Amino acid sequence: MPREKLDYYLSSGYDRSDIVGTSFLELQYENVLRGQKAVVNSLTTSAGGETIEKSVIEQLGKRGNDLVLALDMELQQVVEKAIDKEIKEAGNSFVKDRSAYATFMDPRTGDILSMAGFWDPAGSDQTTTSNHIGNVNKSFEMGSSVKAASVLTGFQSGVTSPGTKFHDRPIHLPGAPTMSSYKNFGWVDDRRALEVSSNVYMFEIGMRMAGCYNPSTCSFPKLEEAYSQVRYNFSQFGLGVETGIDLPSTATGLTGGTALPGKLAYLMIGQFDTYTPLQLVQYIATIANDGYRMKPRLVTEIREPVSDRDDQGAVMQKFEPSILNRIDMKDAHIDRVKQGLRDVVTKGTASSRFANAPYQLAAKTGTAQVSVTVGEGSSRRSVEGNTHTFVGYAPYKNPEIAFAVVVPNVKLDSRGGTQGIAQDIAKDILDAYFEMKTVRNGPQKADQPVLEDM
């Protein structure tokens with residue numbers, strides 16, 4: 001029992017010796033999982049000058065209720081194995097700790113089908129595979145994977161419309177380094193911008209929202225308004241705000257504040273504010289679900305306990321899918337962006353791995369350039385690295401699964417330089433998921449008994 005909550009628990013009828021949930025689901029549902037102790041009274045009698053004490057049980061004890069989780073345990077094990085396999089095969093592709101995080105969600109209901117993470121501090125091989133830590137409590141610059149929100153923000157603000165073209169070339173803002181895409185693409189429209197992951201197209205959206213149409217002479221008269229409008233639109237997808245998941249504590253990411261005009265450009269390409277993997281999957285699931293942002297849920301039902309663990313007790317409470325909001329964007333605009341996300345897979349930055357996938361994926365790749373501090377004491381130094389991200393949903397025309405994979409601290413030249421590790425993790429899992437729709441083997445049972453059995 002946490003010392004800082006001692007008074008609360010004692011006032012709620014707990015004893016000092018009680019064990020309580022202290023984090024995540026066990027804390028969130030402590031009042032549900034808590035059982036009832038047996039009520040025992042002691043009777044003292046005397047017989048022939050001898051004191052006899054008798055204990056009488058007036059009420060039997062009862063274990064706590066059961067939680068029915070949304071997690072697909074067979075898929076969960078697939079996700080954990082895929083992350084473990086791909087990170088280990090990546091070898092020394094990391095500038096610091098090897099880590100990766102993946103979340104899979106049903107975009108129609110918000111059900112969390114799987115959450116897993118891998119963390120190997122500084123190559124020690126002391127790995128931790130977890131269902132919660134990185135996905136809900138760590139935030140990263142997510143790179144180009146947020147560009148679908150940027151394109152929709154352009155449509156919603158009125159500075160662009162479907163088919164609007166911008167010239168992809170280096171941009172020179174006063175007092176800022178030259179900004180460009182990884183290559184010059186010439187004239188591109190919104191779909192092409194998503195397909196090839198044009199940075200400049202997103203820069204142009206941000207600049208125009210700030211009142212700038214000529215980078216070399218503009219004073220950005222609406223800079224603060226543009227920051228606010230972009231973040232408001234992003235928040236409609238769940239980026240930078242509470243996701244609503246049934247956990248007691250989650251991160252919401254960090255904002256870089258309102259800064260120079262060049263930083264607004266970087267906000268548009270996912271390299272200024274930070275988001276969690278859970279926020280990232282909610283964002284892409286909202287697009288997959290035609291603009292409806294669903295509340296993520298880990299628990300679907302609370303059931304009465306039964307003596308036979310192979311049976312389920314009566315349903316005490318059922319949690320129905322819940323819509324948090326509908327984004328402001330038009331259906332036609334959402335459909336247009338969906339087409340761009342499909343282009344990413346059929347002929348764009350994810351085509352080498354997924355173009356022929358039978359499940360018709362729609363997705364977006366992302367790479368955020370980050371500075372990572374390595375070493376200790378006088379040997380501390382900054383090393384340039386990447387955060388690789390990959391988001392998507394499938395099937396394209398009737399989405400049933402959405403995902404976000406985040407791989408931080410990757411060396412600049414690893415796996416060909418473009419989101420390789422994140423894509424490989426996603427492909428392993430998606431291939432297995434759609435195979436499981438035909439053949440189910442069930443989750444693998446643990447080699448060792450669980451704590452309750454012991």
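**Strand pairing and burial in the predicted chain**

Residue L69 lies opposite V299 of strand β10. The structure is a predicted model, in which local features require a pLDDT of at least 70 and side-chain atom pairs count only at pLDDT 80 or more, while totals for chains, interfaces and linings use all residues. Residues are numbered from 1 along each chain as its sequence is written, and side-chain values use heavy atoms, with hydrogens and water left out.

The chain contains 14 helices and 15 strands; these elements are DSSP runs numbered from the N terminus, with helices (H or I) of at least four residues and strands (E) of at least two. The C-alpha trace spans about 105 × 50 × 45 Å along its principal axes. Of the 454 residues, 51% are classed as buried, a term that denotes under 20% relative accessible area, as opposed to exposed (over 50%) and partly exposed (in between), with a 1.4 Å probe and protein chains only. The accessible surface of the chain amounts to about 21500 Å², and carbon and sulfur atoms account for 47% of this area; accessible areas were computed by the Shrake-Rupley method with a 1.4 Å probe, and for residues only the protein chains shown count as cover. Among contacts (heavy atoms within 4.5 Å) between residues at least 6 apart in sequence, 66% join residues at least 24 apart. The chain carries 48 positive and 54 negative side chains, and the centres of these two sets are 7 Å apart. Lys and Arg were taken as positive and Asp and Glu as negative, without His and the chain ends; each charge was placed at NZ of Lys, CZ of Arg, CG of Asp or CD of Glu.

An open sheet is formed by three strands in the order β3-β10-β11, with antiparallel pairing; two strands are considered paired if DSSP finds at least two bridges between them. Its edge strands, each paired on one side only, are β3 (66-69) and β11 (315-318). On average, neighbouring strands of this sheet are turned by 25° against each other, direction ignored, where axes are lines fitted to C-alpha atoms (for helices, over the stretch in contact) and angles run from 0 to 180 degrees between N-to-C directions. Four bridges connect β3 with β10 (residues 299-303) in the antiparallel sense.

A further set of antiparallel pairings involves β14 (residues 381-394), of whose 14 residues 10 are buried. Strand β13 (residues 362-374) pairs with β14 over 13 antiparallel bridges, and S371 has E384 of β14 as its bridge partner. Six residues separate the strands in the hairpin of β13 and β14, where G375 adopts a positive phi near 85°. A hairpin of six residues also leads from β14 to β15. Strand β15 (residues 401-410) pairs with β14 through eight antiparallel bridges; H388 stands opposite V407 of β15, and N386 has V410 of β15 as its bridge partner. In β15, 10 of the 10 residues are buried. Strand β4 (residues 98-105) is joined to β15 by five bridges, also in the antiparallel sense, with M105 opposite A402 of β15.

Burial also extends to helix α8 (residues 199-209): 11 of its 11 residues are buried, so the helix is largely enclosed by the rest of the structure. The buried residues of α8 include Y201, F203, E204 and R208. Packing partners of these buried residues are α6 (147-157), β7 (166-168), β8 (186-188), α7 (190-196), α9 (223-236) and α10 (261-268).
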